[in-house]
Amino acid sequence: ETVRKFPELIVGVKTAHYWVKDPWDSAHPPWAAVDGAEDCARRANVPVMVDFWPRPGRTYADLILKKIRPGDIHTHVFAQQFPIILSDGTLNPILREARKRGVIFDVGHGAGSFWFRNAVPAVKQGFVPDSISTDLHTGDVNVISMTEVMSKFLSMGVPIQDVIRRS
């Protein structure tokens, strides 16, 4: 109802930081936050942005291949908790599969959600996030500016026109 009331201000629904440590229970099933965000977004006809921590019963592959819809966004794509790069150094094929089905990948750099060990091999293998963002907030002392995040992609060899477009 609120999204429909303010469409010029609310462009989507975000879910984040849901039940990352405690055991699942009847009040907190693994997919409650994602399912709730998806239901709201479907009713309001807007995308969902998902900030996610995989756990047993809630996998990253299920999130990007089954749960979120084409046009939905996974943020913090280069964070430590995601199996972006396989043990042999190759890009996890689920990323290309999810992108092919329309999932949008966002950097969401943040205070601890950007790991060069994920980003560099992914970018070198042609996987550049669809959007480059800071996730700048008051608790974030690692990111000073958007240009700083952009410069990281320039240093990884992404052409400046591409960095600007994705930013």
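Where is Asn45 found? Asn45 sits in the loop between α2 and β2. This model is predicted. Asn45 is exposed, because its relative accessible area is 71%, and exposed means over 50%. Its C-alpha atom lies 23 Å from that of His76, a residue 31 places away along the chain.

**Pocket and cavity**

The largest pocket holds about 210 Å³ of space. Its lining is made of Lys14, His17, Val20, Asp51, Phe52, Trp53, His76, Ala79, Gln81, Gly112, Ser113 and Asp135. Sorted by class, that lining has 4 nonpolar, 5 polar and 3 charged residues.

The structure also holds 1 cavity of 30 Å³ or more. The space in the largest cavity is about 70 Å³. Its lining counts 13 residues. Nearest its centre lie Tyr18, Val34, Asp51, Phe52 and Arg58. Helix α2, residues 32–44, gives the most to this lining, with 3 residues. By class, the cavity lining has 9 nonpolar, 2 polar and 2 charged residues.

Asp51 and Phe52 appear among the pocket-lining residues. Asp51 and Phe52 are also among the residues nearest the centre of the cavity.

Such spaces come to light in a simple way. Rolling a probe the size of a water molecule over the atoms shows where empty space is left.

**The nonpolar core**

How many residues are in the largest nonpolar core? There are 41. Tyr60, Ile64, Phe78 and Phe153 touch the most other members. Several elements each supply at least two residues of this core: α2, β2 (48–50), α3 (60–67), α4 (93–100), α5 (116–124) and α6 (146–155). In soluble globular proteins, nonpolar side chains tend to be buried together.

Phe78 shows the contacts in detail. Leaving out residues up to four places away in sequence, Phe78 touches Ile84, Ser113, Phe114, Trp115, Asn118, Ala119, Ala122, Val123, Phe127, Pro129 and Phe153. One of these, Phe153, is itself among the core residues that touch the most other members. Another, Ser113, helps line the largest pocket.

**Salt bridges**

The count of salt bridges comes to 8. Three of them are set out here.

| Salt bridge | Closest N to O |
|---|---|
| Arg69 and Asp72 | 3.0 Å |
| Arg99 and Asp130 | 3.3 Å |
| Asp162 and Arg165 | 2.7 Å |

Start with Arg99 and Asp130, which form a salt bridge. Arg99 lies in helix α4 and Asp130 in the loop between α5 and α6, so this pair ties together parts that are 31 residues apart in sequence. Arg99 has 25% relative accessibility and counts as partly exposed. Asp130, at 27%, also counts as partly exposed.

Next comes the salt bridge of Asp162 with Arg165. The two residues are 3 apart in helix α7 (residues 160–166), so about one helical turn separates them. Is Asp162 buried or exposed? Asp162 is buried, because its relative accessible area is 19% and buried means under 20%. Arg165, at 60% relative accessibility, counts as exposed. Elsewhere, salt bridges that share partners join Glu38, Arg69 and Asp72 into one network. Within that network, Asp72 is buried, with a relative accessible area of 1%.

**Helix α2 and the loop before it**

Ala33 is found in helix α2. Ala33 is buried, with a relative accessible area of 17%. Setting aside its neighbours within four places in sequence, Ala33 is in contact with Thr15 and Tyr18. Of these, Tyr18 is one of the residues nearest the centre of the largest cavity. The C-alpha atoms of Ala33 and Val158 are 34 Å apart, with their positions 125 residues apart along the chain.

The loop between β1 (13–15) and α2 contains His17. Trp19 lies in the loop between β1 and α2 as well. Most residues other than glycine have a negative phi. Which values do these two show? Phi of His17 is near 55 degrees, a positive value. Phi of Trp19 is near 45 degrees, again positive in a residue other than glycine. His17 counts as exposed, at 64% relative accessibility. Trp19, at 23%, counts as partly exposed. His17 is also one of the residues lining the largest pocket.

Terms used: Residues are numbered from 1 along each chain as its sequence is written. This is a predicted model: local features need pLDDT of at least 70, side-chain atom pairs count only at pLDDT 80 or more; totals for chains, interfaces and linings use all residues. Side-chain values use heavy atoms; hydrogens and water are left out. On a 1 Å grid over the protein atoms alone, a cavity is a set of points where a 1.4 Å probe fits but cannot get out, and a pocket is an open set with protein on both sides within 12 Å along at least five of seven lines; lining residues have an atom within 4 Å of a point. Grid points are joined across faces, edges and corners, and a volume is the space filled by probe spheres set on the points. Ala, Val, Leu, Ile, Met, Phe, Trp, Tyr, Cys and Pro count as nonpolar, Asp, Glu, Lys and Arg as charged, and the others, Gly among them, as polar. Helices (H or I, at least four residues) and strands (E, at least two) are DSSP runs, numbered from the N terminus. A nonpolar core is a set of buried Ala, Val, Leu, Ile, Met, Phe, Trp, Tyr and Cys residues joined through side-chain atoms within 4.5 Å. Buried means under 20% relative accessible area, exposed over 50%, partly exposed in between (1.4 Å probe, protein chains only). Contact means heavy atoms within 4.5 Å. A salt bridge is a side-chain nitrogen of Lys or Arg within 4 Å of a carboxyl oxygen of Asp or Glu.
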